Structure formats: C-alpha cells, structure tokens
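User: I am new to this structure and would like a close look at a single loop and at how that loop sits in the chain. Please define each term as you go.

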Amino acid sequence: MPKMKSNRGAAKRFKTNGSGRFKRNQSFRRHILTKKSTKRKRQLRSPALVCGADTAAVRKMLPYS
C-alpha cells in the first residue's frame, strides 16, 4: 500500500508539540499594523494551540505527525 500524502499547506502551518497537540501561528499580523497597539502586536507573535474542535481535522491532514 502506498504512503499517505500529508497536506503540504497544513504541514507548513502546524507543528506537533510533545503532548500531541498542534501549535499554530496567530493571524492579523501581516499588514495594517499602524492602527494596532504595540501590546497587541507583541502578543500576536507568540504561537497558540489549535482548538480541540479543529484538532481532528488537522490530524487527518497530517497523518504522520
């Protein structure tokens, strides 16, 4: 049986952490940054975890993670 393919877009966006949950980067930090406060931009730098409701969908896209 051939290997399963992982979704390449998802592979670039999500990384698995030690407990098996997925890390993701935060949105809203690409452009139109002048009206956003420094505190808000700084907090958007830190990664977040994928919500539990979406974890099954990400796991399906990344079968080997």
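Analyst: Helices and strands here are DSSP runs, numbered from the N terminus, with H or I over at least four residues for a helix and E over at least two for a strand. The model is a predicted one, in which local features need pLDDT of at least 70, side-chain atom pairs count only at pLDDT 80 or more, and totals for chains, interfaces and linings use all residues. Residues are numbered from 1 along each chain as its sequence is written, and side-chain values use heavy atoms, with hydrogens and water left out.

The loop in question runs between strand 2 (22-24) and helix 2 (38-45), and F28 is found in it. F28 is not a glycine, yet it has a positive phi of about 70°. Most residues other than glycine have a negative phi. With a relative accessibility of 60%, F28 counts as exposed, where exposed means over 50% relative accessible area, buried under 20% and partly exposed in between, with a 1.4 Å probe and protein chains only.

I32 also has its place in the loop between strand 2 and helix 2; this residue, again not a glycine, has a positive phi of about 55°, and at 47% relative accessibility I32 counts as partly exposed.

As for the setting, the chain has three helices and three strands, which follow the pattern α-β-β-α-β-α along the sequence. Of the 65 residues in the chain, 17% are buried, and the C-alpha trace spans about 55 × 25 × 20 Å along its principal axes.
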